[in-house]
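Student: Got a minute to walk through this one with me? I'd like to start with how the helices and strands get called.

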Amino acid sequence: MNRAEEDYIKTIYELSINNDSKIIKNIDIAESLGFTDQSVNEMVKKLSVKGFLEFIPYKGVKLTEKGVKQAVRLIRAHRVWEVFLMDYLNYSWQEVHEQAEFLEHAGNDELIERLYLFLDKPKYCGHGNPIPSHDGTLSTVFKKSLFEFNVNDKFTLKRVLDVKELLSFLDEQNLKIDDSFIIQEKNEFSGYTKLVKDSQEYIITNKIAKMLFGI
Ligand SMILES: [Zn+2]
């Protein structure tokens, strides 16, 4: 498998977790990876020939058991490395993704397992994404975005999208995973949510509110 093929498999796996659906539309893959429909169609054909996914006419694609296994291996390695980089090498959460993209291909399953044990079996990476166990079992995936919460609700940040600009914004505001807030205001017209934590106010635009997930 080459890197491009692996990126597809990982993306399809993540989309099916986040969308609660095993079948993923080609258009969603294209949007997620920023590729054209044409190139997605070609890659999908290639991957189905190789047995990583099944093509379901008019519906989309579905990872085979072999495809899921490969996706879990890569995502697990990626997130375990991220934890190591953040906890032991003082990398920031903006920096780890790029390095983990390389590291996920380095070493075999045993290296990842040893690293996982060394890190005391972390359940989540620094962005709040669950680290799958060997057999693909996942801890809770936090899917409810801040945008879906209402005024006066309590919101605890549990997961953020791994998007550099977003992570920098959160750093500037000193907002972190597990921080809890009260939603003080939702302004539909101007499109923002006002959060309060320890009498400190935070203005979050709708665009950003859709990238933050919690309980
Ligand atoms: Zn991560």
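Tutor: Sure. Helices (H or I, at least four residues) and strands (E, at least two) are DSSP runs, numbered from the N terminus. Keep in mind that this is a predicted model.

Student: OK, so what is the helix and strand content of residues 1–64?

Tutor: That span is 59% helix and 12% strand, and its end C-alpha atoms lie 15 Å apart. UniProt, in an unreviewed entry, lists residues 1–64 as "domain: HTH dtxR-type".

Student: And which domains does the domain assignment give?

Tutor: Domain 1 covers 3–63 and domain 2 covers 146–214. Their centres, taken over C-alpha atoms, are 31 Å apart.

Student: Switching to the metal: which residues are the protein donors of the zinc ion?

Tutor: Glu-82 through OE, Cys-125 through SG and His-127 through ND1, at 1.9 to 2.4 Å from the zinc ion. Along the chain the donors follow the spacing E-x42-C-x1-H. Glu-82 sits in helix α4 (residues 65–88), while His-127 is in the loop between α6 (109–118) and β3, so to speak a link between distant parts of the chain, 45 residues apart.

Student: Are Glu-82 and His-127 buried or exposed?

Tutor: Both are buried.

Student: Now α7. Which of its residues are buried?

Tutor: In α7, residues 164–173, the buried ones are Leu-166, Leu-167, Phe-169 and Leu-170. Looking down the axis of α7, they fall within an arc of 160 degrees, so they line one face of the helix.

Student: What's on the face turned away from that buried side?

Tutor: The exposed residues Glu-165 and Glu-172.

Student: And what do the buried residues of α7 pack against?

Tutor: They pack against β3 (154–160), β6 (200–205), α8 (206–209) and β7 (212–214). Just after α7 comes Asn-174, with a positive phi near 60 degrees.

Student: How many residues are in the largest nonpolar core?

Tutor: It has 20, and Leu-146, Phe-155, Val-160, Leu-170, Ile-204 and Leu-212 have the most contacts inside it. At least two residues of this core come from each of β3, α7, β4 (180–187), β6 and α8. The largest share, four residues, is supplied by α7.

Student: What does Leu-146 touch, leaving out residues up to four places away in sequence?

Tutor: Phe-155, Ile-183, Thr-193, Leu-195, Ile-204, Ala-209 and Leu-212.

Student: Which residues does the second, separate core include?

Tutor: That core has 19 residues, including Leu-47, Phe-52, Val-61 and Leu-63.

Technical notes
Residues numbered from 1 in each chain as written. Predicted model: local features only at pLDDT ≥ 70, side-chain atom pairs only at ≥ 80, totals over all residues. Heavy atoms only, no water. Domains from an automatic or database assignment. Buried < 20%, exposed > 50% of the residue type's maximum accessible area, 1.4 Å probe, protein only. Arc of directions from axis to C-beta. Contact = heavy atoms within 4.5 Å. Core = buried A, V, L, I, M, F, W, Y, C linked by side-chain atoms within 4.5 Å. UniProt positions renumbered as here; feature names shortened; annotations may be inferred. Donors = N, O, S within 2.8 Å, 3.2 Å for Na, K, Ca; no water.
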